[in-house]
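Visitor: Could you take me through the backbone of this chain, with a close look at its unusual peptide bonds and phi angles?

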Amino acid sequence: MEEPGPVAAFRTLLTPQGQAVLDRVSPYDEERALGTAETLRAEGVDPALTSAALTQARLRARARDRLGPAAERMFFTAAGLEQATRASVAARHAERYAGLAPGDDPELLVADLCCGLGSDLLALARAGPRVLGVERDPLTAALASANVEALGLTGRAAVRVGDATEMALDGVGAVFADPARRDSHGRALAPHRWSPPFSFVIDVADRVAATGAKLAPGVPHDVLPAGTEAEWVSDGGDLVECALWFGPLATDVARRATLLPSGATLTGDGSRRAEAGPVGRYLVEPDPAVIRAGLVAELADQVDGRLVDPTIAYLSTEHRPRTVLGSAYEVTDVLPFGVKRLRALLRERGVGRVTVKKRGTAVTPEQLRPALRLRGDAEATIVLTRVAGEQSVLIVEPLTSQW
Ligand SMILES: C[S@@+](CC[C@H](N)C(=O)[O-])C[C@H]1O[C@@H](n2cnc3c(N)ncnc32)[C@H](O)[C@@H]1O
């Protein structure tokens, strides 16, 4: 069968000549790119090949933060890279599957449904199981196959072009599913509009008990089935996903927040509400994974804290908070919100630069900053929020060490 044009064009990059051109344009350097392209043209290299190689080199450089050093040997499309799971997060997923196959059981076959260009697929294959990736888009599937080969995982992983919803799943011992969750303009879709839709994940979990899925972190709690474990993951403070674990991949908790890179986790059932109370000496801003998992009450227990307002996820405590599950601050002032009073106080302290944190207020830092007309060399962190229902400002100092 003849391959679609973009796939055939991509394959030219995998030829010895393609690889040689790719080497010539790597590592990507924006300032040198034009000159290198001209030199290659003068040498008679097909400009389409040069342009494809330059694109790959540029995407490899862009992928490094997300996918680590392996990115230098991988192949990308811009859309595939945007949707690829960060390497740290993919490795974390893979640990659960490795746990299913103690001693590197060569028989376990994991189907990675909607494998994209293969970040999860590669992590799974490295962790032990054999993996079959299924990807509907032929070019993305070709990239995933090339990535398997580039990282020396042929024999551990294979990729098939096809519709995940039509996969028979015979002989499959476990499934990982990562549906596409954005439309072509990058807008987030509701779970029933994901491709394939969330109902597909539930259906697969009925057929293969050991199923895991990567969902949008904003997924509504009420669509998550009972008996599963939902794990909200943040990486370096960025909330990146809600992973949903079924059957033997789940532990006995309903909700988990996991913070990478530390791997610190907090668990609970997501139903408790923290008590509210007065602002104390310290403020704790829970990590977004803790907030989305609905585990602020559990964090409040840990730091012996209370909410500053029943509807806002800031905790306050009298004791220096010893937790890695949020950022901690010492509170120096609490005042009702008012530009004049805040301006006077910051002037008095010679504050010329403010970091603004906010939660539960319509005021934006962009509106506030010019109105404060700051002058001076000192810096301050201010928190715009509600305290017991009142719009308030807290002036705080970040605690650099929480221990
Ligand atoms: C979020 S991405 C997967 C990213 C992947 N986990 C990674 O880390 O690289 C989702 C992928 O699902 C593919 N897809 C969407 N609907 C599909 C379907 N019905 N069958 C197979 N693949 C599908 C899209 O083309 C896209 O590449």
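Guide: What follows is a short setting of the chain and then its notable backbone sites. This is a predicted model, in which local features need pLDDT of at least 70 and side-chain atom pairs count only at pLDDT 80 or more, while totals for chains, interfaces and linings use all residues. Residues are numbered from 1 along each chain as its sequence is written, and side-chain values use heavy atoms, with hydrogens and water left out.

The protein chain holds 13 helices and 16 strands, where helices (H or I, at least four residues) and strands (E, at least two) are DSSP runs numbered from the N terminus. Of its 403 residues, 50% count as buried, a term for under 20% relative accessible area, with exposed meaning over 50% and partly exposed in between (1.4 Å probe, protein chains only).

Turning to the peptide bonds, Ser26 and Pro27 are joined in the cis form, with omega about -10 degrees, and Pro27 sits in the loop between α2 (16-25) and α3 (30-42). A cis bond also links Ser195 to Pro196, with omega about -10 degrees; the loop that holds Pro196 runs between β4 (174-177) and α9 (198-207).

As for phi, Leu169 has a positive value near 70 degrees although this residue is not a glycine, and its place is the loop between β3 (157-161) and β4. Leu169 is buried, at a relative accessible area of 10%. Asp304, likewise not a glycine, has a positive phi of about 55 degrees and belongs to the loop between α11 (296-303) and β11 (306-309), where Asp304 counts as partly exposed at 48% relative accessibility.
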